[in-house]
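Here is a set of questions about why certain labels apply to a model. Each answer sets a value against a cut-off.

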Amino acid sequence: MTIRDVVTLTDKGLFIPHEVYAGFGEIEIVRLSDSIIIQPKSEPREQFIQLLQQTGLIVSYQLAQRPERRVSFVERAELAHKFSKGRPLSELIIEERDEQW
């Protein structure tokens, strides 16, 4: 199941079928500056989180964590040297934009 299978864009906004959140019981809708969160009000959020993971909207916490391996000073210097060659990325982006216009 993907997000396209669950949510439909209508003239009045997004339509989310009741079946998606029917098991949540009472829900709450939280509006943030850049998103809207629909979540169970009093029940555990695991079901909703699982649905979001299945639809690809979020990844599990374990997958999102940074690797525990630290990069040594020597490795960091080697990587800096490797990636310092060539032109700056900003120049490449500007050039690519000019080609598209």
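Q: What phi does glycine 56 take, just after H3?
A: Glycine 56 takes a positive phi of about 85°. The model is a predicted one, where local features need pLDDT of at least 70, side-chain atom pairs count only at pLDDT 80 or more, and totals for chains, interfaces and linings use all residues. Residues are numbered from 1 along each chain as its sequence is written, and side-chain values use heavy atoms, with hydrogens and water left out.

Q: Which residues of helix H3 are called buried?
A: Phe48, Leu51 and Leu52 are buried in H3, which spans residues 46–54. Buried means under 20% relative accessible area, exposed over 50%, and partly exposed in between (1.4 Å probe, protein chains only). Helices (H or I, at least four residues) and strands (E, at least two) are DSSP runs numbered from the N terminus.

Q: What puts these buried residues on the same side of H3?
A: They cover an arc of only 100° around the axis, so they lie on the same side of H3. The arc is that of the directions from the helix axis to the C-beta atoms. In general, an α-helix has 3.6 residues a turn, so residues three or four places apart point the same way. The cover over the buried residues of H3 includes helix H2 (18–21) and strand E4 (36–40).

Q: Why is isoleucine 49 called partly exposed?
A: Its relative accessible area is 38%, and that lies between the 20% and 50% limits, so the label is partly exposed. Isoleucine 49 is in helix H3.

Q: How do you know that E3 and E4 pair?
A: Five bridges join strand E3 (residues 27–31) to E4. Pairing needs at least two bridges found by DSSP, so the two strands pair. They run antiparallel, and valine 30 stands opposite isoleucine 37 in E4. A hairpin of four residues joins E3 to E4.

Q: What makes the contact between arginine 87 and glutamate 91 a salt bridge?
A: The closest N and O atoms are 3.6 Å apart. A salt bridge is a side-chain nitrogen of Lys or Arg within 4 Å of a carboxyl oxygen of Asp or Glu, so this pair qualifies.

Q: Which other residue forms a salt bridge with arginine 87?
A: Glutamate 95 does, with the closest N and O atoms 2.8 Å apart. Arg87, Glu91 and Glu95 are thus linked in a network of salt bridges, and a search of the whole structure finds two salt bridges.

Notes. Contact means heavy atoms within 4.5 Å.
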